[in-house]
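Work through the exercises below with the sequence and the 3D view at hand. Try each task before reading its solution.

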Amino acid sequence: MFAVTEFRWLWGAQLGSVIGDQLARVALAVLVFDRTGSAGLSAVTYALTFLPDIAAGPLLSWLADRFPRRRVMVWCDLTRAALVALMAIPGAPIWLLCVLLVAVQLLAAPFQSARAAMLPDILSGDTYVLASSVSNVTAQAAQLAGFVTGGTLVAAFGTSQALALDAATFLLSAVLVRLGVRDRPLPTATSSADRISWWGSLSAGARLVWGDRRLRYLIALACVAGFYVSVEGLAAPYAAVVGGGPLAVGLLLAANPAGQMVGMLLLTRLAPARRLALMGPLAVGSCLPLIACLIHPGLWVTVALWAVSGLCSSYQLAANASFVLTVPDAQRGQAFGLARTALIVSQGVGVLAAGAAADRWHPASVVAIAGALGTAVALGAAIGYRRTTTSPA
């Protein structure tokens, strides 16, 4: 019972932290546009919020294995609150705002790694998987709420006041973790004087992930997202060619996340063994429906196809849970950071590649090609993972 209560506090902290991330993105993008009148600079500022994740995963996730994880989360949130509070000072130079924003986003990696590493210590077995599902659904909902709330707050109070409220969300997250989550000692392998250096931790984590076939295939399954998420970058041109306006863009963008949330809720109703058995077929199913876009269907058929893709992409829940539980506790933070970086890079590369291809070919054809390539990769990864469950890793 205490574990469930503890998870609720951790869940509340996650909610505040994710909303805070989105608020910072929206508020600063608006602030830069208001100051400069340049849509290009505003877009570059927004893009800066994603780039730090690529470096922060490998470089900072080791903190979750080197220091008590509750302490890492609290200090990450307190530091982010202070940085965003500095951003809220009226008249701060744009270059300083961008530096502060990058620092805020860098701290998201150790926070998320510490949280992911701590959750299996709080909840075990299938309860952990159910909690992961709740967390994933919450993260997506919080992102949407952060975008909507960010725009509303900026319109109502101005960017400085919105950033001040943003700082408060990080402070609230720190308080929730400090008061509601029990402090736990470091794993045995990292609690004594033989703690390894940052480079040693990174190297050990990379060797662990690369040296274990099961972990390699789990990361490969996660990176299939690079194919089905790439279609989100084509929502605007796809809507244009099917004769839709801004509403059509919104429908296409919402189709995959909505399907994924429904899929995760359905997946948690199944027995653990059944979820693992369906992981491979669902990974294939996350890309297979996209091939039907080759026939250039209308808007509503496309929305349905992308929603089915999202529904099947719920396999990520099982893949994530299997990955975290397979990694030794002492290396969980670093390994999670590496996996998170691989996922982010695959999604970024997928969106960029799809956008470049759509400049030469019909968007529907590009979506179909992404679906076909993703289906092949997912099938190979699923077969490989299946073999690791019947033979030594």
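The exercises go from the whole chain to single residues, and the model they use is a predicted one.

**Exercise 1. The whole chain**

Task: Describe the chain by its helices and strands, its buried share, its contacts and its exposed area.

Solution.
Step 1. The chain has 19 helices and zero strands.
Step 2. Of its 393 residues, 52% count as buried.
Step 3. Take the contacts between residues at least 6 apart in sequence: 86% of them join residues at least 24 apart.
Step 4. The exposed area is about 16800 Å², and carbon and sulfur atoms supply 72% of this area.

**Exercise 2. Salt bridges**

Task: Find the salt bridges of the structure and state how many there are. For each, say where the partners lie and whether they are buried or exposed.

Solution.
Step 1. Recall the principle: side chains of opposite charge can pair when their charged atoms come close.
Step 2. The cut-off is 4 Å between a side-chain nitrogen of Lys or Arg and a carboxyl oxygen of Asp or Glu. The structure holds two such salt bridges.
Step 3. One joins Asp183 and Arg70, at 3.9 Å from N to O. This pair links distant parts of the chain, 113 residues apart: Arg70 belongs to helix H5 (residues 69-87), while Asp183 sits in the loop between helix H9 (159-180) and helix H10 (198-211).
Step 4. Buried means under 20% relative accessible area and exposed means over 50%. Arg70, at 13%, is therefore buried. Asp183 has 38%, so Asp183 is partly exposed.
Step 5. The other salt bridge is between Arg80 and Asp77, whose closest N and O atoms are 2.8 Å apart. Both residues lie in helix H5, three residues apart, about one turn of the helix. Both are buried.

**Exercise 3. Helix H9**

Task: Check the length of H9 against the expected span, then sort out its buried residues and its share in a nonpolar surface patch.

Solution.
Step 1. H9 has 22 residues, and at 1.5 Å a residue it should span 32 Å. The expected span uses one less than the number of residues.
Step 2. The end C-alpha atoms of H9 are 31 Å apart, which agrees with the expected value.
Step 3. The buried residues of H9 include Ala162, Leu163, Asp166, Phe170, Leu176 and Val177.
Step 4. Now turn to the surface. Trp9, Trp75, Leu78, Leu171, Val175 and Leu179 form a nonpolar patch with about 590 Å² of accessible area together. H5 and H9 are the elements that give two or more residues to this patch. H9 gives the most, with three residues.
Step 5. Take Leu179, which is found in H9. Its relative accessible area is 63%, over the 50% cut-off, so Leu179 is exposed.

**Exercise 4. Two annotated spans**

Task: Compare the model with the record for residues 215-231 and 276-297.

Solution.
Step 1. The unreviewed UniProt entry lists several residue ranges as "transmembrane region", among them 215-231 and 276-297.
Step 2. Residues 215-231 are 76% helix and 0% strand, with end C-alpha atoms 27 Å apart.
Step 3. Residues 276-297 are 45% helix and 0% strand, and the end C-alpha atoms lie 33 Å apart.
Step 4. Look at His296, which is placed in the loop between helix H15 (272-285) and helix H16 (299-312). Its phi is near 55 degrees, a positive value in a residue other than glycine. With a relative accessible area of 39%, His296 is partly exposed.

**Exercise 5. Two residues and their surroundings**

Task: For Ser309 and Val377, give the helix, the exposure and the contacts beyond four places in sequence.

Solution.
Step 1. Ser309 is found in helix H16. At 1% relative accessibility, Ser309 is buried.
Step 2. Outside its sequence neighbours, Ser309 is in contact with Tyr228, Asn256, Gly285, Ser286, Pro289 and Leu290.
Step 3. Val377 is placed in helix H19 (residues 363-388). Its relative accessibility is 37%, so Val377 counts as partly exposed.
Step 4. Not counting residues up to four places away in sequence, Val377 touches Val224 and Phe227.
Step 5. Val377 and Val284 are 93 residues apart in sequence, and their C-alpha atoms are 8.3 Å apart in space.

Technical notes:
Residues numbered from 1 in each chain as written. Predicted model: local features only at pLDDT ≥ 70, side-chain atom pairs only at ≥ 80, totals over all residues. Heavy atoms only, no water. Buried < 20%, exposed > 50% of the residue type's maximum accessible area, 1.4 Å probe, protein only. Contact = heavy atoms within 4.5 Å. Areas by Shrake-Rupley, 256 points an atom, 1.4 Å probe, with all protein chains shown as cover. Patch = residues over 30% accessible without salt bridge, like charges linked within 9 Å, V, L, I, M, F, W, Y side chains within 5 Å. UniProt positions renumbered as here; feature names shortened; annotations may be inferred.
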